[in-house]
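Please brief me on the fold shown here. Keep it short and tied to residues.

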Amino acid sequence: MTQAYVLLARLAGPLQAWGLVSRFDRRDTHLRPTKSGFIGLLAAAAGYSRDEPVDPQDPKRPLKPLDELRFAVRADRPGTPVRDYHTVGGGRYPLRPRDLITDHRRAQQAATALEAATGATFGTMPARAVTGWYGAPKGIAPDPEGGALLARKVGRDPMITSRSYLADAKFVAAVEHPDRELLEELAAALEQPRRLLWLGRKNCPPAGEISGGVHPGRIEDVLAATKLLSPDCEPRPWTWIEVPAGTGGASAVADHPITFHTVHRSYAPRWEKRVRIEPGESIGWDHLL
């Protein structure tokens with residue numbers, strides 16, 4: 001049997017958000033880190049671009065060899081689901097030059113103040129002259145007749161959005177691969193990332209160091225030998241382990257990343273099995289405390 005190696009990662013922070021079907025006005029979160037989210041974190045740490053194939057010889061597999069990693073996650077402290085009441089596009093803002101260009105009504109109202117404004121006062125005096133506007137113009141495009149820029153929509157109603165998070169959660173993520181050098185490179189990248197890292201969403205930075213090192217063995221055995229992240233964690237945490245299709249008791253989840261392209265991002269289904277693990281003490285986290 002080919003020797004396997006496992007990279008461990010500590011995913012902990014005030015907030016985490018691992019979306020599955022997020023849209024602009026509704027941002028959900030899974031109750032645990034997703035494979036696509038964690039592979040994306042590794043890709044960011046290694047400096048991979050969303051739009052540039054990692055393997056130029058095979059553009060259909062732009063994440064190779066990251067898409068070959070076997071994934072598992074252990075919920076040492078599942079955290080508390082929270083929801084953020086969030087608005088977008090509301091509130092009063094200083095008047096900007098483009099607002100005057102794209103909305104003639106505000107330009108007329110602000111004309112008197114603009115004549116008196118000098119230097120840095122431009123951002124405040126016209127704003128007081130235009131007392132009832134919200135947000136910023138939308139749908140800016142040239143006028144078909146005159147060519148001047150006009151706003152198709154000048155409404156100022158804010159949009160209410162819902163954003164879900166996991167608060168105070170702690171997870172141990174793991175990936176398995178026979179190439180130890182690859183995992184060592186990823187472990188080093190987590191310690192000195194080339195891009196900013198976050199726990200699923202950009203406003204969720206990780207707390208402390210992430211990499212737990214590379215260890216020989218199968219992913220199940222390494223997780224079973226790995227100490228809990230802290231004393232306040234679950235004594236026998238649930239663990240989700242990627243398994244071959246058709247494995248008894250396994251369920252499908254569509255979070256295997258094919259590409260993170262900003263426009264054409266896509267995912268494929270994979271299979272995972274949920275088990276309880278009683279963590280040992282062989283692999284510790286003292287270097288992260």
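The points below go from the whole chain to its strands, one helix and single residues.

This is a predicted model: local features need pLDDT of at least 70, side-chain atom pairs count only at pLDDT 80 or more, and totals for chains, interfaces and linings use all residues. Residues are numbered from 1 along each chain as its sequence is written, and side-chain values use heavy atoms, with hydrogens and water left out.

**Whole chain**
- The protein chain holds six helices and eleven strands. Both are DSSP runs numbered from the N terminus: helices are H or I with at least four residues, strands are E with at least two.
- Of the 289 residues in the protein chain, 42% are buried. Buried means under 20% relative accessible area, exposed means over 50%, and partly exposed lies in between (1.4 Å probe, protein chains only).
- Contacts reach far along the sequence: among those between residues at least 6 apart, 78% join residues at least 24 apart. A contact means heavy atoms within 4.5 Å.
- The accessible surface of the protein chain is about 15,800 Å², and carbon and sulfur atoms account for 54% of that. Areas come from the Shrake-Rupley method with a 1.4 Å probe; for residues, only the protein chains shown count as cover.

**Strand β7 and its partners**
- β7 spans residues 159-177. It is mostly covered, with 16 of its 19 residues buried.
- β1 pairs with β7 in the antiparallel sense over eleven bridges. Q16 has L166 as its bridge partner in β7. Two strands pair if DSSP finds at least two bridges between them.
- β2 (residues 26-27) pairs with β7 in the parallel sense, over two bridges. R26 stands opposite S162 in β7.
- β3 (residues 70-77) is antiparallel to β7 over six bridges. R77 has K170 as its bridge partner in β7.
- β4 (residues 80-88) is antiparallel to β7 over nine bridges. Y85 stands opposite S162 in β7.
- D168 lies in β7. Its phi is positive, about 55°, although D168 is not a glycine. Most residues other than glycine have a negative phi. D168 is partly exposed, at 48% relative accessible area.

**L7 in strand β1**
- L7 sits in β1 (residues 5-16). L7 counts as buried because its relative accessibility is 0%.
- Leaving aside neighbours within four places in sequence, L7 is in contact with residues including L42, A173, A174, V175, L183 and V214.
- G213 is another of these contacts. The C-alpha atoms of L7 and G213 are separated by 5.8 Å, although the two are 206 residues apart along the chain.

**Helix α1 and what follows**
- α1 has twelve residues (35-46), and its end C-alpha atoms are 16 Å apart. That agrees with the 16 Å expected at 1.5 Å a residue. The expected span is 1.5 Å times one less than the number of residues.
- α1 is mostly covered: ten of its twelve residues are buried. Among them are F38, I39, L41 and L42.
- G47 follows α1 and has a positive phi, near 85°.

**P193 in a loop**
- P193 lies in the loop between α5 (180-191) and β8 (211-216). P193 is partly exposed, at 36% relative accessible area.
- The C-alpha atoms of P193 and A45 are separated by 4.1 Å, with their positions 148 residues apart along the chain. A45 is one of the buried residues in α1.
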